[in-house]
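Open the model in your viewer and keep the sequence panel in sight. The tour goes from one selection to the next.

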Amino acid sequence: MTSDITALLLAGGRGSRMGGVDKGLQNFNGTPLAMNALLRLSQQTLPPAEVMINANRNLSAYESFGAPVWPDALPDYAGPLAGFLTGLEQCETPLLLTLPCDVPNFPLSLCERLAHALLAQEAEIAMVAAPEDDGPPRTQPVFCLLRRELRDSLARFMAAGGRKIDAWTGQHRQVIVPFDAADDDPRAFANANTLAELRRLEQHP
């Protein structure tokens, strides 16, 4: 199973709500967010066979982390789906795991649980659902496991102007995987949109 999965770390955004800084290079407890994510991927209960980074600036800095770096295939920061498309174009394994760089405490069981659900349900996409603000689980669409053969579908969707993840994933067989068990950390999917949120996550992981 491990050999079937490539992980794609999404670090190609503008970082607008963080003042325009390159989010993946901001420090979390002394380690750049992107490197922190790479370390957590290596510690997964089902580690991916390959890891790639999707970034659109400071490429040499990301390359120094030791993983291949691919900019968006589409211009003008076209959003997470542009990263998905780049990953599917470069992926050489049957499955692609996507995750953002700004969620520093994502579960170490992420890859394994998505893979098991996708295979058990014979789905094309497995997507995380997690509690938000102490409420019921909500989908976290940037945390997905995708079949590589969805590449052409996504290319057509984006060529037609589509940019919303849910609008595209809703066209395919998907399974929603809740991370709300008693032993799951309810804050595991908390993200840092601002530097203040990043500092809070450092203080209260």
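**Stop 1: M158 and its surroundings**

Select M158: leaving aside residues up to four places away in sequence, M158 touches L74, A78, L81, A82, L85 and R163. The model is a predicted one. M158 belongs to helix α5, residues 151–159. Is M158 buried or exposed? Its relative accessibility is 4%, so M158 counts as buried, the cut-off being under 20%. Now add a distance between C-alpha atoms: those of M158 and L85 are 8.8 Å apart, although 73 residues separate the two along the chain.

**Stop 2: α3 against α5**

Select α5 together with helix α3, residues 80–90. The two helices pack at an angle of about 145 degrees, and their axes are 10 Å apart. The crossing of α3 and α5 is left-handed. On the α3 side, show L81, A82, F84, L85, L88 and E89; on the α5 side, show R151, L154, A155, F157 and M158. The residues of this contact divide into 9 nonpolar, no polar and 2 charged.

Keep α3 and bring in the strands beneath the selection. α3 lies across β1, β4, β5, β6 and β8, and runs at about 25 degrees to β8.

**Stop 3: the sheet**

Switch to a cartoon of the strands. In what order do the 7 strands of the open sheet come? The order is β5-β4-β1-β6-β8-β7-β9, and the pairing is mixed. At the edges are β5 (69–70) and β9, each of which pairs on one side only. Helix α1 packs on the sheet, where α1 touches β1, β4 (50–55) and β6; the direction of α1 makes about 160 degrees with that of β1.

For the antiparallel part, select β7 and β8, which are joined by 7 bridges. One bridge to display is that of M127 with its partner C144 in β8.

**Stop 4: β1**

Select β1, residues 5–11. How many of the 7 residues of β1 are buried? The count is 7 of 7, so the strand is mostly covered by the <20% criterion. Colour the two faces separately: I5, A7, L9 and A11 are on one side, T6, L8 and L10 are on the other, and all are buried. In a regular strand, side chains alternate between the two faces of the sheet.

β1 has parallel partners to show. With β6, β1 pairs in the parallel sense over 6 bridges, and L10 stands opposite P100 in β6. With β4, β1 is joined by 6 bridges, again running parallel, and L9 stands opposite I53 in β4.

**Stop 5: α1**

Go back to α1 and select residues 33–42. Of the 10 residues of α1, 7 are buried, and the helix is mostly covered. The buried residues are L33, A34, N36, A37, L38, R40 and L41.

**Stop 6: α4**

Last, select helix α4, residues 110–120, and show its buried residues L110, C111, L114, A115, A117 and L118. Why do these residues lie on the same side of α4? They cover an arc of only 165 degrees around the axis, which puts them on the same side. An α-helix has 3.6 residues a turn, so residues three or four places apart point the same way.

To see what covers the buried residues of α4, turn on β1 (5–11), β6 (95–100), β7 (125–131), β8 (137–147) and β9 (174–178), which are among the covering elements. Then step just past the helix to E122, which takes a positive phi of about 50 degrees.

Notes: Residues are numbered from 1 along each chain as its sequence is written. This is a predicted model: local features need pLDDT of at least 70, side-chain atom pairs count only at pLDDT 80 or more; totals for chains, interfaces and linings use all residues. Side-chain values use heavy atoms; hydrogens and water are left out. Buried means under 20% relative accessible area, exposed over 50%, partly exposed in between (1.4 Å probe, protein chains only). Helices (H or I, at least four residues) and strands (E, at least two) are DSSP runs, numbered from the N terminus. The arc is that of the directions from the helix axis to the C-beta atoms. Contact means heavy atoms within 4.5 Å. Two strands pair if DSSP finds at least two bridges between them. Axes are lines fitted to C-alpha atoms, for helices over the stretch in contact, and angles run from 0 to 180 degrees between N-to-C directions. A crossing is left-handed if the near helix is turned anticlockwise from the far one by less than a right angle, and right-handed if clockwise. Ala, Val, Leu, Ile, Met, Phe, Trp, Tyr, Cys and Pro count as nonpolar, Asp, Glu, Lys and Arg as charged, and the others, Gly among them, as polar.
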